[in-house]
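Student: I should like to learn how the features of a protein model are read from its atoms. May we work through one case together?

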Amino acid sequence: MQFIATLNQGFGIADCLQFENGPGGLPVASITTSQASAQVALQGAHLLSWQPAGQAPVLWVSTAAEFAPGKPIRGGVPVCWPWFGPLADKGMHGFARNLPWAVRASRRDADGQVVLCLGLQDSDHTRGLWDHRFDLELQFTIGPTLGMALTTRNTGSTDFTVTQALHTYFKVGDIRQTCVRGLDGCAYLDKVQAMARLQQAGDVRFSGETDRVYLDTPGDCVVDDPVLQREIRIAKQGSHSTVVWNPWSEKVMADMAPGEYQGMVCVETCNAGPDAITLAPGQQHGLRASISVL
Ligand code: BG6
């Protein structure tokens, strides 16, 4: 409790930002304003929920998700960093999503949005997995639009290369009736077909396991959901790749209940595959997503 009390003293904002013990006892920042509500777990700088006023929750979290120290959380917005996908025997999607991040700043901006900034730096543990010095910062802007800005800084003395993602899980009414617009004509690497390079024709529709890295995609994507009667727009910067994922019933995961695939889709703002980012000492890169609901 001391830890939570110290966070509230340093970074709590009366009536709109409090720190508390969240699911599984993981510390979370809980944000409520007249514009939106959100919850961010400090482990992984993991956004668990975002709900603009007057809208249904936008993000999906599995009912079977595990909330435990060092374990990835199934749903919300995991931060995949410094590698996206598998890396030798080091596991999927890097270590940033499994580590506790520090709170660096919080404020209410002139528009009444809450800005929360979390950070992670290299340690003996991270250098054992990935031998580089870095500073990673994720700034959330919680308002009618959700802003996420992930900044990677090379604080060491040699170049490094990262792949990364803001791995957004969206809640949808029925995956079979959902489509993703904005990727027509784009090339993609199909993980379900041994990374075959294919080309998207029309909107992305779902009828089975879908796991694709779309290339050269700096533009907006829209999740069109006729059942929940909404469109979720994902705008981005610093990203030229987009991953679209639904595991369908093919992929069995302990932290996802049977049938739940029908109510979610991931449209991920990435630097993945050939869209890797190399930073020289002192350089930085920003990966940003801006999400709105119509
Ligand atoms: C997606 C990948 O980004 O994340 C999939 O493209 C992967 O291949 C999925 O299955 C979930 O990964 P994890 O490590 O959270 O189970």
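Student: In which loop is Ala68 found?

Tutor: Secondary structure is taken from DSSP runs numbered from the N terminus, with helices (H or I) of at least four residues and strands (E) of at least two. Ala68 is found in the loop between β4 (46-52) and β5 (79-80). Please note that this is a predicted model, in which local features need pLDDT of at least 70, side-chain atom pairs count only at pLDDT 80 or more, and totals for chains, interfaces and linings use all residues. Residues are numbered from 1 along each chain as its sequence is written, and side-chain values use heavy atoms, with hydrogens and water left out.

Student: Is Ala68 buried or exposed, or does it fall in between?

Tutor: The classes rest on relative accessible area: buried is under 20%, exposed is over 50%, and partly exposed is in between (1.4 Å probe, protein chains only). Ala68 has a relative accessibility of 22%, so it counts as partly exposed.

Student: With which residues is Ala68 in contact, leaving aside its neighbours within four places in sequence?

Tutor: A contact means heavy atoms within 4.5 Å. By that criterion Ala68 is in contact with Leu26 and Gln43, its neighbours within four places in sequence being left aside. Its C-alpha atom is also separated by 5.8 Å from that of Gly24, although the two residues are 44 apart along the chain.

Student: Which backbone angles deserve attention?

Tutor: Consider omega and phi. The peptide bond from Trp81 to Pro82 is cis, with omega near 5°, and Pro82 has its place in the loop between β5 and β6 (102-108). Asp15 is not a glycine, yet it has a positive phi of about 70°; this residue lies in the loop between α1 (2-11) and β1 (17-21) and, at 73% relative accessibility, counts as exposed. Gln229, likewise not a glycine, has a positive phi of about 55°. Gln229 is found in the loop between β18 (221-225) and β19, and its 69% relative accessibility makes it count as exposed.

Student: How many helices and strands does the chain have, and why is it described as being as compact as a globular protein of its length?

Tutor: The chain has 2 helices and 23 strands. The radius of gyration is taken over C-alpha atoms, and the globule rule is 2.2 Å times the number of residues to the power 0.38. Here the radius is 18 Å, close to the 19 Å that the rule gives for 294 residues, so the chain is as compact as a globular protein of that length. Buried residues make up 54% of the chain.

Student: How is empty space located, and what volume does the largest cavity have?

Tutor: Rolling a probe the size of a water molecule over the atoms shows where empty space is left. On a 1 Å grid over the protein atoms alone, a cavity is a set of points where a 1.4 Å probe fits but cannot get out, whereas a pocket is an open set with protein on both sides within 12 Å along at least five of seven lines; lining residues have an atom within 4 Å of a point. Grid points are joined across faces, edges and corners, and a volume is the space filled by probe spheres set on the points. The largest cavity has a volume of about 30 Å³, and its lining includes Gly219, Cys221 and Ile234. β21 gives the most to that lining, with 3 residues.

Student: What is the volume of the largest pocket?

Tutor: It holds about 330 Å³ of space. Of its 19 lining residues, the closest to its centre are Arg74, Met92, His93, Trp245 and Lys251.
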